[in-house]
Amino acid sequence: AFAVERTQQVLYVLNELFVSGKLPAIPVYVDSPLAVNATEIYRLHPDAFNEEVYETLFEKQNPFGFDDLTLIRSVKGSKSLNDIEGTAIIISASGMCEAGRILHHLRNNIEDPKTTVLFVGYCAERTLGRRIRDGAKEVNILGDRFQVNAHIDTIDSFSGHADHSELMDYYRRITGSKTHTWLVHGEAESAEYLDAALKGEGAKVDIGELGKEVSF
């Protein structure tokens, strides 16, 4: 998971599942110094939340300090997770599996069919996370090759980005003159689909290109 915001969202949802009884009590470890520091900031500044969120987060229960949650900063603490017995949840960064402690957890667990690797965020093309998500049978991690025997799953609903239909709805709601639209973010295939959909609405559309300049 991404260290800032996404990790905290996942902790909030896990806490709800534990409190409601939809999940049994499972040890949860946040193994990322940045994620731990960000989580502490969330916990220490309840004044940043509106009244409804404040009541849910801090009067009913504290999702950033619930039972069975361990925040790990040290390398020693991270290595100790290799010896866990039984079921546990490890939330680690980076979300695209390109750097950080997640690489060591993947190295130690990706060949184990009892392991689930769950992605809760976007993985860009050519990243390790994307290769795993796309079903690679073998991956290179820290210079060694590993068979992907773990169960791989994805939850896209945490994404902060608008999807295709939401972008189209946004475009239709824009008032005034819409003379020209440039698509400057996203992967090529997605941009091409959006380009075709916008042109179906009668829009003049260009897909951004590296180094191309536009004058207004």
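**Figure 1. Arg-126 in the loop between S4 and H6.** In this predicted model, Arg-126 sits in the loop that links S4 to H6. Take a look at its backbone here: phi is positive, at about 70°, although Arg-126 is not a glycine. Most residues other than glycine have a negative phi. The side of the story told by accessibility is plain too, as Arg-126 is exposed, with a relative accessible area of 69%.

**Figure 2. Leu-142 in the loop between S5 and S6.** Here is another residue with a positive phi: Leu-142, at about 55°, although it is not a glycine. Leu-142 belongs to the loop between S5 and strand S6, the latter covering residues 144-147. With a relative accessible area of 45%, Leu-142 is partly exposed.

**Figure 3. The cis peptide bond between Ala-93 and Ser-94.** This close-up centres on the bond that joins Ala-93 to Ser-94, which is cis, with omega about 5°. Most peptide bonds are trans. To find your way around, note that Ser-94 is in the loop between S3 and H5.

**Figure 4. Helix H5 and its buried face.** Which residues of H5, the helix spanning residues 102-109, are buried? They are Ile-102, Leu-103, His-105 and Leu-106. Looking down the axis of H5, you will find these buried residues within an arc of 165°, so they line one face of the helix. Their packing partners come from several elements: the helices H4 (75-80) and H6 (128-133), together with the strands S1, S3 (89-92), S4 (116-119) and S5 (138-141).

**Figure 5. The largest nonpolar core and the core apart from it.** The largest nonpolar core is built from 17 residues, and Leu-11, Val-28, Val-30 and Ile-91 have the most contacts inside it. At least two residues of this core come from each of helix H1 (6-20), strand S1 (28-31) and helix H2 (33-44). H1 gives the most, with four residues. For a closer view, follow Val-30: beyond four places in sequence, Val-30 touches Thr-7, Leu-11, Ala-35, Val-36, Leu-69, Thr-70, Leu-71, Ile-72 and Ile-91. Another core, of 15 residues, lies apart from the largest one, and includes Ile-102, Leu-128, Ile-132 and Phe-146.

**Figure 6. H1 crossing H2.** The axes of H1 and H2 come within 9 Å and cross at roughly 65°. This crossing is right-handed. On the H1 side, the contact is made by Thr-7, Gln-8 and Leu-11, which meet Ala-35, Ala-38, Thr-39 and Tyr-42 of H2. Sorted by class, the contact of H1 with H2 holds four nonpolar residues, three polar ones and no charged ones.

**Figure 7. H7 crossing H8.** How do the axes of H7 (residues 164-173) and H8 (residues 188-200) come together, and at what angle do they cross? They come within 11 Å and cross at roughly 35°, and H7 passes H8 in a right-handed crossing. From H7, the residues in contact are His-164, Leu-167, Met-168 and Tyr-171, and from H8 they are Tyr-193, Leu-194, Ala-197 and Leu-198. Seven of the residues in this contact are nonpolar, one is polar and none is charged.

**Figure 8. Thr-181 in strand S8.** Thr-181 is part of strand S8, which covers residues 181-183. Is Thr-181 buried or exposed? At 15% relative accessibility, Thr-181 counts as buried, because buried means under 20% relative accessible area. Not counting residues up to four places away in sequence, Thr-181 touches Tyr-171, Leu-198, Lys-204, Val-205 and Asp-206. Readers coming from the previous view will recognise Tyr-171 of H7 and Leu-198 of H8.

**Figure 9. Asp-153 in strand S7.** Strand S7, residues 151-154, is home to Asp-153. Asp-153 is partly exposed, with a relative accessible area of 36%. Its contacts, leaving aside neighbours within four places in sequence, are Val-117, Leu-118 and Phe-119. The C-alpha atoms of Asp-153 and Arg-133 are separated by 7.4 Å, with these positions 20 residues apart along the chain counted as their spacing.

**Figure 10. Ile-155 in the loop between S7 and H7.** Ile-155 lies in the loop between S7 and H7, where it is partly exposed, with a relative accessible area of 31%. Ile-155 and Val-120 are 35 residues apart in sequence, and 5.0 Å apart from C-alpha to C-alpha. Val-120 is also one of the contacts of Ile-155, along with Leu-118, Phe-119 and Gly-121, when neighbours within four places in sequence are left aside.

Methods. Residues numbered from 1 in each chain as written. Predicted model: local features only at pLDDT ≥ 70, side-chain atom pairs only at ≥ 80, totals over all residues. Heavy atoms only, no water. Core = buried A, V, L, I, M, F, W, Y, C linked by side-chain atoms within 4.5 Å. Buried < 20%, exposed > 50% of the residue type's maximum accessible area, 1.4 Å probe, protein only. Contact = heavy atoms within 4.5 Å. Axes fitted to C-alpha atoms, helices over the stretch in contact; angles between N-to-C directions. Left-handed = near helix turned anticlockwise from the far one by under 90°. Nonpolar A, V, L, I, M, F, W, Y, C, P; charged D, E, K, R; others polar. Arc of directions from axis to C-beta.
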